[in-house]
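Work through the following exercises on helix packing, salt bridges and surface exposure, keeping the coordinates open beside the text.

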Amino acid sequence: NPVLDIQKIRADFPLLEREMNGKPIVFLDSAASSQKPRQVIEAMDEYYRQQHANVHRGVYQLSQEATDAFERARELVRAFINAPTDKEIIFTRGTTEGINLVASSFGRQFLREGDEVIVSHLEHHSNIVPWQLICEQQGASLRVIPVTESGEFDMAAFRELLSDRTKIVAVNHVSNALGTVNPVEEIIREAHARDIPVLLDGAQAIPHMKVDVQELDVDFYAFSGHKMLGPTGIGILYGKSKWLEAMPPYHGGGEMIHTVSFEKTTYAELPHKFEAGTPDIAGAVGLGAAVEYMMEIGPDVIGQHEHSLLEYATAQLLEIEGLKIYGTADNKAGVISFLVEDIHPYDLGTLLDKQGIAVRTGHHCAQPLMDRYGIPGTVRASFAVYNNREDVDKLVAGVKRAVNMLR
Ligand code: PMP
C-alpha cells in the first residue's frame, strides 16, 4: 500500500503557508474549492509567459503551440477518466455549465410534453434548476428520488419512478452536502435496462476517487477543475458521441461552425460543436497540470488518505456531546456534515474561523435536502489530499472550544 508523503505534498501548496486571524490556516473547505499546487500555478504562468495566442486559428507557430497545449490538456483529461476518444471531452466553465449544456441541448431535442426527468432529493442546486428550466420550456416534469434518514437514495422508490415517460436520469456521484457515495452503478444499470441515459454530476467524486467513464458506462459526466486542484473557470463535460452527435449546439459563435451563411450554418465536428468562442486556454493548461499531479499520486491513494482522515475525524467528533453527523457513516467521500445541539451552524463556523479553521456553514446549495431534515444547514468540514491529522486535531479542539463558549 503506497502511502502519501504528506509533508512533501503540503509543501506544494503555497496557500497553506498563510495565517488566518493570527493562526496557521486549517483549510477544511475543499469541497467548495480546493487549493492549488505550485505545479498548476506555474503551468499557467508559463503558458501566459511563453505560449499564449488564440487556438485553432493561426497558421503561425505560436498559435499552433497554444493549440497543442490546449489539446494536450484535453488528452490528459481523456486518459484521466478513460474516455474512448477526446471528441467526447468538452471544455466548459465548470460542472454548472456542463449540466446546463446537457439540460438545454438534450432537452430541446428529446423532451416533449408529458415527459419526465428524474433527479434526487440529494442534488446540488446546479443539478436541479437547469432541469426545471428545460422542463418548464418543454412541458415536461421533474420527478425526485427520495432519500432515507441516513441520506441514501431510496432505490425501491427510484425503480417505481422509472417509466416510459422518463427521458433522462441526472444524479450526483458523491453528495456535496453529506459526502454520500451514491449507488450510481445500479442507477445506470436500471436506467439502461429501459434505454434511458444517465448524467452524473461528478463535481465531488472526481477529486476523491478513480473515475472510469467506460466502466461506469455513463452517458454524461460533468465536473469542475477548481475542486480537483485545478483553476476556476474551467470544467469538463464527458458525453457519449451517440448523444452529443444527436444534440443541437448549446452556444453559437466562432469555433463551433463548419460553414456559416445567412441561409444555413453547418456545425463543426465534436468536440468543437459545443465549444463556441475563445476557450479558457490557460485554464485548460492548468487543469491538465492538476490531472498530472493527481495521476502521479494516484486517485486511489488520495482516496485512501482522505478516507483515513474521515474516519479519524468522525470518531473524535462523535465524542462531543450533542454533536450529530448527517448522512451515512460509511461509503462516503471527503465530507463530514454535522450540527451541535442548540448551536447555530453559523455561530460555530464563525468561532472556528477565529481559530484559523475554515469550514463551510449553511445549506451547501442543497436546500431541498436541508428541508428534508428540517434544519437550516450544517457545518461541513471537507478534506483534500493536502490535509493531515493535525488539521483534524485542530478541528476537534476548535469545535470543543467553540461549543464551551456558546453553551
Ligand atoms: N454539483 C456539486 C455536487 C457541487 O458540489 C458543485 C459545487 N459546489 C457543483 C455541482 C457546481 O460546481 P461549479 O460551481 O464548479 O459549477
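Axes are lines fitted to C-alpha atoms, for helices over the stretch in contact, and angles run from 0 to 180 degrees between N-to-C directions. The model to which this is applied is a predicted one.

**Exercise 1.** Determine how helix H11 is oriented relative to helix H14.

Solution. Step one is to take the two axes, of helix H11 (residues 299-317) and helix H14 (residues 389-406), which lie 10 Å apart and enclose an angle of about 20°. Step two is to classify that angle: since angles under 35 degrees count as roughly parallel, H11 is roughly parallel to H14. Step three adds the handedness, for H11 passes H14 in a right-handed crossing.

**Exercise 2.** Locate the salt bridge between Lys394 and Glu390, and classify the exposure of both residues.

Solution. The N-to-O distance between the side chains of Lys394 and Glu390 is 3.6 Å, and the cut-off for a salt bridge is 4 Å. Both residues belong to helix H14, where they are 4 residues apart, about one turn of the helix. Lys394 has a relative accessibility of 32% and is therefore partly exposed, and Glu390, at 47%, is likewise partly exposed.

**Exercise 3.** Is Glu97 buried or exposed, and what of its salt-bridge partner Arg93?

Solution. The closest N and O atoms of Glu97 and Arg93 are 3.5 Å apart. Glu97 is buried because its relative accessible area is 16%, under the 20% limit, whereas Arg93, with 60%, is exposed, the limit there being over 50%.

Key: Residues numbered from 1 in each chain as written. Predicted model: local features only at pLDDT ≥ 70, side-chain atom pairs only at ≥ 80, totals over all residues. Heavy atoms only, no water. Helix = DSSP H or I, 4+ residues; strand = E, 2+ residues; numbered from the N terminus. Parallel < 35°, antiparallel > 145°, perpendicular 65-115°, else oblique. Left-handed = near helix turned anticlockwise from the far one by under 90°. Buried < 20%, exposed > 50% of the residue type's maximum accessible area, 1.4 Å probe, protein only.
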